[in-house]
Amino acid sequence: MSLVDELLRAPKTRLHIGGEWTEGESEMDVLDPATEQVLASVSTAGRVQAAAAVDAAWGAAPEWAAAPPRKRSEILRRAFEIMLEREERLAELIVLENGKAWPDALGEVRYGAEFFRWFSEEAVRITGEIRTAPGGDKRIVVLPEPVGVSLMVTPWNFPAAMATRKMAPALAAGCTVILKPASDTPLSALAVADILMEAGLPPGAVNVVTARGSSGVVDDILDDPRVRKLSFTGSTEVGRLLMAKAGSRIMRTSMELGGNAPFVVFDDADLEAAVEGAMVAKMRCGGETCVAANRFYVQAGVAEAFTSRLGEAMSSLRMGSGLDRSTEVGPMINARAIEKIESLVEGAVDDDATVVTGGNAPSGPGYFYEPTVLSDVSPDAVILGHEIFGPVAPVVPFETEEEVIAAANDTEHGLISYVYTGDFVRGIRVAEAIESGMVALNRGLVSDAAAPFGGVKQSGVGREGSHHGMDEYLELKYLAW
Ligand code: SIN
């Protein structure tokens, strides 16, 4: 049996609690979005399993918090190595349950593994402080301590990398973890937990509870006073609900929520580079990322040329199942995703946008949507106010820098913005004026384990990755001496 076959069958499709594969209360089917066929049947947790996961994480917490940083570091380093040794098989699993094209799936495994490597290096660099109080009468000693049991709720669009991006800093800081992966894509998270156990993580330090939806089990876990931290990646809508629940318990939260990224092209930009960057910013993982370029603002002098080149690039993409390694665009995650994209494109066309290429969902099987470019999109079209989460690029021409900054900021979101210009000073000026947690200047990709990923406004709170990512899992104890 191949490793992928093994990962699609019990016990590796059971809950992972206290270092054991554990039966749940019920089962749910996981589908392959390219074929709509059932891939695997996965256990779902109920109240009893939620409590067992908290018991296990709580029980493991003192030993893990007291483990020497070097030991925590070496386990994470080993997890990085195992993940890379298995990269092809993990990528295949991601293709099967998420539908990503092969290069995106392999890219996700490598990106996900980087969080283990990066935080293995951070585990041994946790620093405190010692200061003399201004009055000279005492020392102010600041001791970082692990926050404690942390609940992580992860999305389907990066089923492995969002799990490692959250678990790696938590484990490096000495926290124990309960992970609730998205119900569309639970298999990769279970495979990552398996890797951590093989790397030497003590039982109970990571627990995975698979379940339908993000209420029920999540509510039960949030209600348990032993749980001290919630980290969520997903929509702003769900994030608001979870944050309210966590708020009522005065729980630490990190929220990585929706985006509505503007992609701004000035007429002094290198157009070829801008189109190349647009293809990455729009089409990485078929547009199903929270950092996907969502609105293309192109200065009037180059709008036509940019749109036609983008249309050519989009129409030449090869669509199909990611198991065919030459595929460049896979299916969307499910039928609901297709319905949403269809309704946004239809709305834009009703508002007089022109379809340059694409604009259709081919008949199944599989949840496919053609790479699409829309031109002449009205500046107040509904599509510009919604996270498309699919392979659709609406292009809006603009005249002045002031106008485009106002348009870029005219959203409740503030995750990332892309700016293409040949004038470096203008690039910095616009980057500073745009309200977002991240700005890509003449680049189509920013994601990096060594950089602080996160948003402002309704796109979230907290940062993941970089040394700042550790702060999310550390409390500061002040010792007056
Ligand atoms: C996301 O879409 O939630 C994460 C994207 C990334 O890390 O690049």
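How far does a polar side-chain atom of glutamate 256 lie from an oxygen atom of the ligand? Keep that in mind as you go through these close-ups of a predicted model.

**View 1. Glutamate 256 and asparagine 157 both reach oxygen on the ligand.** Here's the answer to the opening question: a polar atom in the side chain of glutamate 256 sits 3.3 Å from a ligand oxygen. Asparagine 157 does something along those lines, with a polar side-chain atom 3.0 Å from an oxygen atom of the ligand.

**View 2. Serine 447 meets the ligand too.** Look for an N or O atom in the serine 447 side chain, 2.4 Å from one of the ligand's oxygen atoms. On its own, the ligand has 260 Å² of accessible area, and the protein covers 99% of that.

**View 3. The ligand has a shell of 13 residues around it.** Tyr111, Arg165, Arg284, Cys290 and Ser447 come nearest. Sort the shell by class and you get 6 nonpolar, 4 polar and 3 charged residues. As for the space the ligand takes up, that's the largest cavity.

**View 4. Two domains share the job of surrounding the ligand.** The domain assignment splits the protein into domain 1 (3–256 + 458–480) and domain 2 (261–447). Their C-alpha centres are 31 Å apart. Where the two domains touch, 29 residues come from domain 1 and 32 residues from domain 2. Each domain also gives at least three residues to the shell around the ligand.

Terms used
Residues numbered from 1 in each chain as written. Predicted model: local features only at pLDDT ≥ 70, side-chain atom pairs only at ≥ 80, totals over all residues. Heavy atoms only, no water. Near = heavy atom within 4 Å. Polar contact = N/O pair within 3.5 Å; in protein donor to acceptor, adjacent residues only side chain to side chain. Areas by Shrake-Rupley, 256 points an atom, 1.4 Å probe, with all protein chains shown as cover. 1 Å grid on protein atoms, 1.4 Å probe; cavity = no way out; pocket = protein on both sides within 12 Å on 5 of 7 lines; lining within 4 Å. Sits in = over half its atoms within 2 Å of the grid points. Nonpolar A, V, L, I, M, F, W, Y, C, P; charged D, E, K, R; others polar. Domains from an automatic or database assignment. Contact = heavy atoms within 4.5 Å.
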